[in-house]
Amino acid sequence: MSKSIWTLSIVPNEHNREVYLVVDDFGSLGRAWRGSGVGDTGLETVVRDLLEGQYCNPVRVAGFNVAEGWCRDVSAEVAHELQKRCSDQMRELPSFLQEFVHRHAGKATAR
């Protein structure tokens, strides 16, 4: 008789899907990974949500793809994308993103 063992996972069921999560700083309450729906963890959604002010004080963005076996800090790439979008839209970088962009924009590396 064999036992079936299963575990819960935060990893989406879709195969070969990139997921991006934001660490938000809540001051004296600490830092936390911000939760979102499974369908709302793509890079485009995270960048849009950052620009719309959905995060209080973003600290870091992590990306991963379980099927491909990678996980990395993508904060620098996101910071550059935020700068690019604001420039393309001829608007100022929102004040709530300035520290994040300043901290990470100089760290981008070639992929």
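# Questions on a predicted model

Val22 is buried, with a relative accessible area of 0%. This is a predicted model, and the turns below start from that residue.

Colleague: Which element holds Val22?
Modeller: Val22 has a relative accessible area of 0%, so it counts as buried. Its contacts beyond four places in sequence include Ala32, Trp33, Tyr55 and Val61. The element that holds Val22 is strand β1.

Colleague: How far apart are the C-alpha atoms of Val22 and Gly35?
Modeller: Val22 and Gly35 are 13 residues apart along the chain. Val22 also touches Arg34, leaving aside neighbours within four places in sequence. The C-alpha atoms of Val22 and Gly35 are separated by 8.5 Å.

Colleague: How confident is the predictor, and what is the average pLDDT of the chain?
Modeller: Among the elements, helix α2 (residues 75-88) has the highest mean pLDDT, 96, and strand β2 (residues 31-33) the lowest, 93. Of the residues, 81% score at least 70. Where pLDDT is low, the predicted coordinates should not be read in detail. The chain averages a pLDDT of 85.

Colleague: Is Asp25 buried or exposed?
Modeller: Asp25 is found in strand β1, residues 19-25. Apart from residues up to four places away in sequence, Asp25 touches Gly30, Arg31, Cys56, Asn57 and Val59. Its relative accessibility is 19%, and the cut-off for buried is under 20%, so Asp25 counts as buried.

Colleague: Which residue has its backbone nitrogen 2.8 Å from a polar atom of the Asp25 side chain?
Modeller: Asp25 is in strand β1. A polar atom of its side chain lies 2.8 Å from a backbone nitrogen. That nitrogen belongs to Gly27.

Colleague: Where does the salt bridge partner of Arg34 lie?
Modeller: Side chains of opposite charge can pair when their charged atoms come close. Arg34 and Asp24 meet in a salt bridge at 2.5 Å, N to O. The pair links distant parts of the chain, ten residues apart, with Arg34 in the loop between β2 and α1. Asp24 lies in strand β1.

Colleague: Which of Arg34 and Asp24 is buried?
Modeller: Arg34 has a relative accessible area of 25%, so it is partly exposed. Asp24 stands at 0% relative accessibility. The buried partner is therefore Asp24.

Colleague: Why are Arg85 and Glu81 separated by about one helical turn?
Modeller: Their side chains meet in a salt bridge at 2.6 Å, N to O. Arg85 is buried at 18%, and Glu81 is partly exposed at 25%. The separation is about one helical turn because the two residues are four residues apart in helix α2.

Colleague: Which residues are joined into one network by salt bridges that share partners?
Modeller: The structure holds eight salt bridges. One of them joins Asp88 and Lys84 at 2.8 Å, N to O. Asp88 and Lys84 both lie in helix α2, four residues apart. The network is made up of Glu44, Glu81 and Arg85.

Colleague: Which elements do the buried residues of α3 pack against?
Modeller: The buried residues of helix α3 (residues 95-104) are Leu97, Phe100, Val101 and His104. They cover an arc of only 95 degrees around the axis, so they lie on the same side of α3. On the other side, Ser95 and His102 are exposed. The buried residues pack against α1, β3 and α2.

Colleague: Which residue with a positive phi follows α1?
Modeller: The buried residues of α1 are Thr45, Val46, Val47, Asp49, Leu50 and Leu51. What covers them includes β1, β3, α2 and α3. The residue after α1 has a phi near 85 degrees, and it is Gly53.

Colleague: Which residue has a positive phi although it is not a glycine?
Modeller: The residue lies in the loop between α2 and α3. Its relative accessible area is 77%, so it is exposed. Its phi is about 50 degrees, and the residue is Met90.

Colleague: How many disulfides does the structure hold?
Modeller: Cys71 is exposed, with a relative accessible area of 60%. Cys86 is buried, with a relative accessible area of 3%. The number of disulfides is zero.

Terms used: Residues are numbered from 1 along each chain as its sequence is written. This is a predicted model: local features need pLDDT of at least 70, side-chain atom pairs count only at pLDDT 80 or more; totals for chains, interfaces and linings use all residues. Side-chain values use heavy atoms; hydrogens and water are left out. Buried means under 20% relative accessible area, exposed over 50%, partly exposed in between (1.4 Å probe, protein chains only). A polar contact is a pair of N or O atoms within 3.5 Å; within protein, one must be able to donate a hydrogen and the other to accept it, and residues adjacent in sequence count only if both atoms are side-chain atoms. Contact means heavy atoms within 4.5 Å. A disulfide is a pair of cysteine sulfur atoms within 2.5 Å. pLDDT is the predictor's confidence in each residue, from 0 to 100. The arc is that of the directions from the helix axis to the C-beta atoms. A salt bridge is a side-chain nitrogen of Lys or Arg within 4 Å of a carboxyl oxygen of Asp or Glu.
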